[in-house]
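The following note was prepared for a colleague who asked for a reading of the fold and the chain contacts. Please consult it alongside the coordinates.

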Amino acid sequence: MKKKNISNSESYIRMYTQMARIRAFEDQANKLYLSAKMPGLTHMYSGQEAVAVGICEALKTTDHITSTHRGHGHCVAKGAEFKQMFCELLGKEEGYCRGKGGSMHIADQENGNLGANAIVGGSAGIATGAALSAKNLNRDDVTVCFFGDGALGQGLLYEVMNMAALWSLPVIYACENNLYGEYTKVEEMAAGELTGRAKAFGIEAFELDGQDVLAVNDLSQKLVARARNGEGPFFMQLNTYRYHGHHIGDINREYYRSKDEEKYWKEERDPITNFGEWLVKENISSTAELETLRNQVNQDAADAVAYALNASYPSSQEVDMHVFV
Amino acid sequence: MRSITLSQAVNEAIAEEMRLDETIFLLGEDVAEAGTPFKILSGLVEEFGTNRIIDTPISEPGFTGIAVGAAMTGSRPIVDLMFGDFLFLVMDQLCNQAAKTHYMSGGKLNVPMVLRTNLGATRRSAAQHSQSLHALVAHIPGIKVALPSSAYEAKGLLKSAIRDNNPVVIFEDKLMYQDKSEVPEEEYLIPFGQANIVREGVDITLVGTSSMVQVAEKAADILFKEGISAEVIDPRTIVPLDEETILSSVRKTSRAIVIDEGHQSYGVTAEIASRISEGAFYHLDAPVQRMGAMDVPVPFSPALEDLTVPTPESVAARASALVRKELKYGY
């Protein structure tokens, strides 16, 4: 990791907190699911926190993101609150989407989150369209399109990257390579270099360690500023790892990845642990302060869960509301 | 009053709305200098520039998806989909994304986009350029579907579509682009969900959509000579559908044929026919009839293609048999 910059201390602590919040949110969601209190299915973001936080900390509230089925982390990082998020996961009226979207469709447009998407690669067009809007309407907002390595198999992505490049749109394609699309290794699904796909369209592409929040944030700041300045689009390949299975019920994973591999990423490469150690080493924080911070965040998540469990379901009259404006 | 072609009516509707609202832009294949293969959009790029009349690569899902995202963020895009058959290419962006965004977000996000495309066989364009696929999108909640039947209808419905805050798919009959009808100089809109009673009658109701409105009118002329008085109704939009106007008509005439150029099975004719059966059964003197396109891929040979769609003669024959109680099962 790079050397500390004292003036950035506040921002460093904020990034640590945001990563801890995502981890706390996912731990609670996992518990809810395993105790059968949560309907449906969900996909954990744990392990990938540095990607969402490093990027979203470089964005303004008016900037947009599009997210994926593994989207809780993006949602938290872009500014969402635990209460409305847990309410949404439980199908409650106070959820961000009044309980009509659920885990795979959380949208929080007040913070610029245009929504998670349950079609792999499905939001690539939406992100690119948001960037076209910004350009056409002379706004300076930038859009980040989050997608996983699995979305590299979708033709839509290449169609819209081509148009984004032709029209110099302010969009950043953020490919989170967590090594697996569902239950299959990325190298079995994607031929050639991943960044080569963007380079073919003349899009500047970068590969970086997605576990290093400072590296992600540094590059994001630069690319967001350049995109705002009309130099977009850009492509980032963020190498990362998902701690859980594809979805929460994917427990027996040894047929596609080893326990040793999981252990290595969790023990050696954890983005929160490693960043915490750096904060202590650089005298920006202390082990005790970070522990207090994590405890507070965990308590916030637990409180939000308790609130959401007791919150009301939407009334039956809601079922055919919002089909049309 | 002046008469203009359906093509000119569409062009005027887009230009008028674009002058009123700077957030409207149009994108699609060869829409700028080329003005589309049908030359419908000629002149628009000269007035509005290439930032608002945008030529895209041949990437239908891509530019439809871009329109969805633009619509969610303050723009009002019009997508030009060159042939209705290409709907199959854009189904995810249209049906999984555009149609569901408002609902899935609990009413927070809107997708005010229009997708203009076309329908209609008998242009000798064979199976992949001749389909009438409006039933496909009408099946998906969250999308409005308009089916103009003349230049006048096309202009008024398209202007309403552009002002609507929902995704709207509007199907123009590609055989009708050069057909003229009276279109006033002054501005007008045709609201969605209000059927047009094209012609009044007492013996039978002919519900026709899009290209089939003309067919129904010509059938009514034939029937008139036989002493049968047919009422012709154009629903104008199938989502929303003005069920009440159709039911009132059938309660009066006691007989109905629904005519539509989509394939007959599982289609628009079936939907409207069952609504008539449910809502006017005790007023019926004959079983409600469906007349759609044959359930075959559209053939190229003119000798075959003409057999696949309802004609004034086939509609009149069916209506006549119904009124005279000569209809046999399996007719």
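The points below take up the overall form of one chain, the interface, the two sheets and two helix pairs.

1. Status and overall form. The model under review is predicted. Chain A contains twelve helices and seven strands. Its radius of gyration is 19 Å, close to the 20 Å that the globule rule gives for 325 residues, so chain A is as compact as a globular protein of that length. The C-alpha trace of chain A spans about 55 × 50 × 45 Å along its principal axes.

2. Contact between the chains. On the side of chain B, 37 residues touch chain A, where 32 residues are in contact with them. Two elements of chain B, α3 (60-72) and α4 (87-104), each give two or more residues to this side. The greatest contribution comes from α3(B), with eleven residues. By type, the side of chain B that touches chain A divides into 13 nonpolar, 22 polar and two charged residues.

3. The seven-stranded sheet of chain B. This open sheet has mixed pairing and follows the order β3-β2-β4-β5-β7-β6-β12. At its edges stand β3 (53-55) and β12 (237-239) of chain B; each has a single partner strand, so one side of each is left without a neighbour in the sheet. From one strand to the next, the twist averages 20°. The edge strand β12(B) is joined to β6 (residues 144-146) of chain B by two bridges, and these strands run antiparallel. Within that pairing, B:Val145 has B:Val239 of β12(B) as its bridge partner.

4. Helices on the seven-stranded sheet. The helix α3(B), which gives eleven residues to the side that touches chain A, also lies across β2 (24-28) and β4 (76-80) of chain B, running at about 165° to β4(B). Helix α6 (residues 151-163) of chain B lies across β2, β4, β5 (114-119), β6 and β7 (168-173) of chain B, and its direction is at about 165° to β7(B).

5. The five-stranded sheet of chain B. A further open sheet, again of mixed pairing, has the strand order β9-β11-β10-β13-β14. Its edge strands, β9 (196-199) and β14 (289-293) of chain B, pair on one side only. The twist here averages 25° from one strand to the next. Strands β10 (residues 204-208) and β13 (residues 256-263) of chain B run parallel and are joined by four bridges; B:Thr205 has B:Ala256 of β13(B) as its bridge partner. Helix α7 (residues 211-225) of chain B packs on the sheet and touches β9, β10, β11 (230-234) and β13 of chain B, its direction making about 170° with that of β11(B). Helix α11 (residues 312-323) of chain B lies across β10, β11, β13 and β14 of chain B, at about 150° to β10(B).

6. A helix pair in chain A. Helices α4 (residues 82-89) and α12 (residues 287-310) of chain A pack at about 45° with their axes 8 Å apart, which means that α4(A) is oblique to α12(A). The crossing is right-handed. Among the residues making the contact are A:Phe82 and A:Phe86 of α4(A), and A:Ala301 and A:Tyr307 of α12(A). The contact comprises eight nonpolar, no polar and two charged residues.

7. A helix pair in chain B. Helices α8 (residues 243-253) and α9 (residues 268-280) of chain B pack at about 60°, with their axes 10 Å apart, in a right-handed crossing. The contacting residues include B:Ile246 and B:Arg251 of α8(B) and B:Ile272 and B:Arg275 of α9(B). Six nonpolar, one polar and three charged residues form this contact.

How values were computed. Residues numbered from 1 in each chain as written. Chains lettered and ligands numbered in written order. Predicted model: local features only at pLDDT ≥ 70, side-chain atom pairs only at ≥ 80, totals over all residues. Axes fitted to C-alpha atoms, helices over the stretch in contact; angles between N-to-C directions. Parallel < 35°, antiparallel > 145°, perpendicular 65-115°, else oblique. Left-handed = near helix turned anticlockwise from the far one by under 90°. Contact = placed C-beta atoms within 7 Å. Nonpolar A, V, L, I, M, F, W, Y, C, P; charged D, E, K, R; others polar. Pairing = 2+ DSSP bridges. Rg over C-alpha atoms; globule rule 2.2 N^0.38 Å.
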